[in-house]
Amino acid sequence: IGKGVQPDLPVAALKADKSNGDAPLKVTFDGSGSAAGKGATLAQYRWEFGDGESASGKAVEHTFTQGLYVVILRVEDENGQKASAQTGISVEADCGC
């Protein structure tokens, strides 16, 4: 039995303008480097910030309080194919220095 040809799958790619800092830390995330599978377009960008909050869109901003967070970008193309990428964010207490 031969193997079927697999379609190209989407690829999730994210960038954050910073990965650490003092609380409150506002971070801008960009998922525009993501790509859909062959012959498709991306239909959805879903962000999970690791603190119970989420957002949708190609580029988003989020403000973090003190802690360590794993931010996940999940993309889905028009054919229902999915991919994800993640990055870490580290936020220290503001010392008031």
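Let's start at the edge of a sheet: strand E1 (residues 15-16) runs antiparallel to strand E3, and two bridges join them. Within this pairing, Ala-16 sits opposite Phe-29 of E3. Please keep in mind that this is a predicted model.

E3 has a second partner, E6, and the two pair in the antiparallel sense over six bridges. One residue pair here is Val-27 with His-62, its bridge partner in E6. The side chains of E3 alternate between two faces, as the table shows.

| Face of E3 | Residues | Burial |
|---|---|---|
| One face | Leu-25, Val-27, Phe-29 | buried |
| The other face | Lys-26, Thr-28, Asp-30 | not buried |

Phe-29 also takes us into the largest nonpolar core, which has 21 residues; Phe-29, Trp-47, Phe-49, Phe-64 and Ile-89 have the most contacts inside it. At least two residues of this core come from each of strands E3 (25-30), E4 (42-48), E6 (59-64), E7 (67-77) and E8 (82-92). In soluble globular proteins, nonpolar side chains tend to be buried together.

Which residues does Phe-49 touch, beyond those up to four places away in sequence? Phe-49 touches Phe-29, Ser-54, Ala-55, Val-60, His-62, Phe-64, Tyr-69, Val-70 and Val-71.

Thr-87 is worth a look too, and its place is in strand E8. Thr-87 counts as partly exposed because its relative accessibility is 24%, where buried would require under 20%. Setting aside neighbours within four places in sequence, Thr-87 is in contact with Leu-14, Phe-29, Tyr-69, Val-70 and Val-71. Thr-65, 22 residues from Thr-87 in sequence, is 16 Å from Thr-87 in space, C-alpha to C-alpha.

How values were computed:
Residues numbered from 1 in each chain as written. Predicted model: local features only at pLDDT ≥ 70, side-chain atom pairs only at ≥ 80, totals over all residues. Heavy atoms only, no water. Core = buried A, V, L, I, M, F, W, Y, C linked by side-chain atoms within 4.5 Å. Buried < 20%, exposed > 50% of the residue type's maximum accessible area, 1.4 Å probe, protein only. Helix = DSSP H or I, 4+ residues; strand = E, 2+ residues; numbered from the N terminus. Contact = heavy atoms within 4.5 Å. Pairing = 2+ DSSP bridges.
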